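Student: Please pick a single part of this structure and take me through it closely. I would like one connected account rather than a list.

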Amino acid sequence: MMGIVGMVKELGKAMQFICSLEFWRMAVFWMLSLLVSYWHLLFAPKSKSFPRCDPATTPIKPVCIITGATSGLGAAAAYALSKEGFCVVLVGRSSHLLSKTLGEIKSLNKDAHLKAFQVDMSSFQSIFNFKGSLQQWLLDSNMHPSVQLLINNAGILATSYRLTAEGYDQMMATNYIGAFCLTKLLLPLLRNSPVPSRIVNVTSFTHRNGKIGSYLFFNMQVDKETVSGNCFSRTKPYPCARIYENSKLCLLLFSYELHRQLSSMEKSHQVSVIAVDPGVVETKIMREVPSCLSCVALTVLKLLSLLQSPEKGISSVLDAALAPPVSFTPNDLYYHSPTEVVMQALML
């Protein structure tokens with residue numbers, strides 16, 4: 001009886017979600033954005049592509065920090081980069097999932113050098129505490145006080161409005177503000193690296209909708225109210241798709257601006273920034289969407305051969321992380337996936 005009641009409630013939630021503007025925005029416009037990404041990948045003129053370099057040749061043990069490392073792309077990237085010789089620092093909200101991921105990677109790679117930190121990427125205080133703990137760990141481990149690779153991968157797709165302790169929309173805080181804060185805090189460690197270091201920001205093809213919408217429909221202003229998500233606090237129902245798009249667009253714009261700032265600095269501190277679009281990957285990002293709808297969406301994407309496993313989806317992340325330390329131009333800052341990975345300018 002309880003099972004039937006649960007099914008009825010789930011179907012009710014699904015029907016309510018189907019009747020919302022956000023569902024159709026995700027079903028129609030996100031699919032169009034994905035197809036546009038494929039079109040550019042297959043038919044647009046291709047710019048430079050770079051081979052992967054071998055981090056094992058560096059004079060120190062390279063340190064890689066991955067946020068959202070307990071599942072999906074983050075966990076797959078952590079394993080792959082541990083095989084490449086990185087000391088991988090896994091960052092996640094759940095201590096249980098962190099321990100589980102550590103065990104799984106160790107079972108596959110006994111030589112993996114791993115460290116886990118429990119961090120809430122939507123909380124400034126948690127991020128500040130992480131920086132202090134990271135520095136202390138580097139000191140205690142007799143490692144060079146620097147970081148060679150930061151992958152900002154953490155992200156959520158929230159379907160209801162929730163505030164963080166600092167008063168920000170939780171989805172904007174997790175997907176963008178937390179990545180911004182962590183990057184700025186770790187820049188001294190990245191610049192202190194004796195070898196070129198890199199920041200990889202995992203964005204999404206959905207940023208195209210945020211860009212188009214800001215021009216045509218919603219007149220999005222990149223101000224404090226929009227970036228914090230507070231401008232949507234009175235919007236009913238919660239515009240989850242639009243906020244997700246905006247968070248990824250903000251992360252992409254941050255990547256370009258940070259690249260511009262770092263490029264204007266002295267060449268002795270070589271820190272590069274690359275944004276990555278991994279395409280559609282089978283992760284837990286849709287955990288808050290009614291399960292019957294997420295199952296249908298995944299099935300359709302599989303039938304269209306558009307859905308990748310995390311192990312395949314990380315190809316663009318790895319290419320960005322391991323590209324050699326060259327002088328990137330603005331046209332070289334955006335990686336596409338899923339099949340052949342090239343670097344090209346952001347185009348609508």
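**A close look at β5**

Tutor: Val200 stands opposite Ile274, a residue of β6. The model is a predicted one, and Val200 is a good place to start on the strand in question, β5, which covers residues 197-202.

Take the neighbours of the strand in turn. On the β6 side, the partner strand covers residues 271-276, and six bridges pair it with β5 in the parallel sense. β5 also pairs with β4, residues 149-152; these two strands run parallel as well and are joined by four bridges. One pair to look for here is Leu150 with its bridge partner in β5, Ile199. To get from β4 to β5, the chain passes through helix α6, residues 170-191, in a β-α-β crossover that is right-handed.

Now turn to the side chains of β5. Ser197, Ile199 and Asn201 point one way from the strand, while Arg198, Val200 and Val202 point the other way. Residues of both sets are buried. Buried here means a relative accessible area under 20%. Six of the six residues of β5 meet that cut-off, so the strand is largely enclosed by the rest of the structure.

To put it together, β5 has β4 as a parallel partner through four bridges and β6 as a parallel partner through six. When you trace it yourself, find Ile199 and its partner Leu150, then move to Val200 and look across to Ile274.

Note on methods: Residues numbered from 1 in each chain as written. Predicted model: local features only at pLDDT ≥ 70, side-chain atom pairs only at ≥ 80, totals over all residues. Heavy atoms only, no water. Buried < 20%, exposed > 50% of the residue type's maximum accessible area, 1.4 Å probe, protein only. Pairing = 2+ DSSP bridges. Right-handed = clockwise from strand over helix to strand, strands pointing away.
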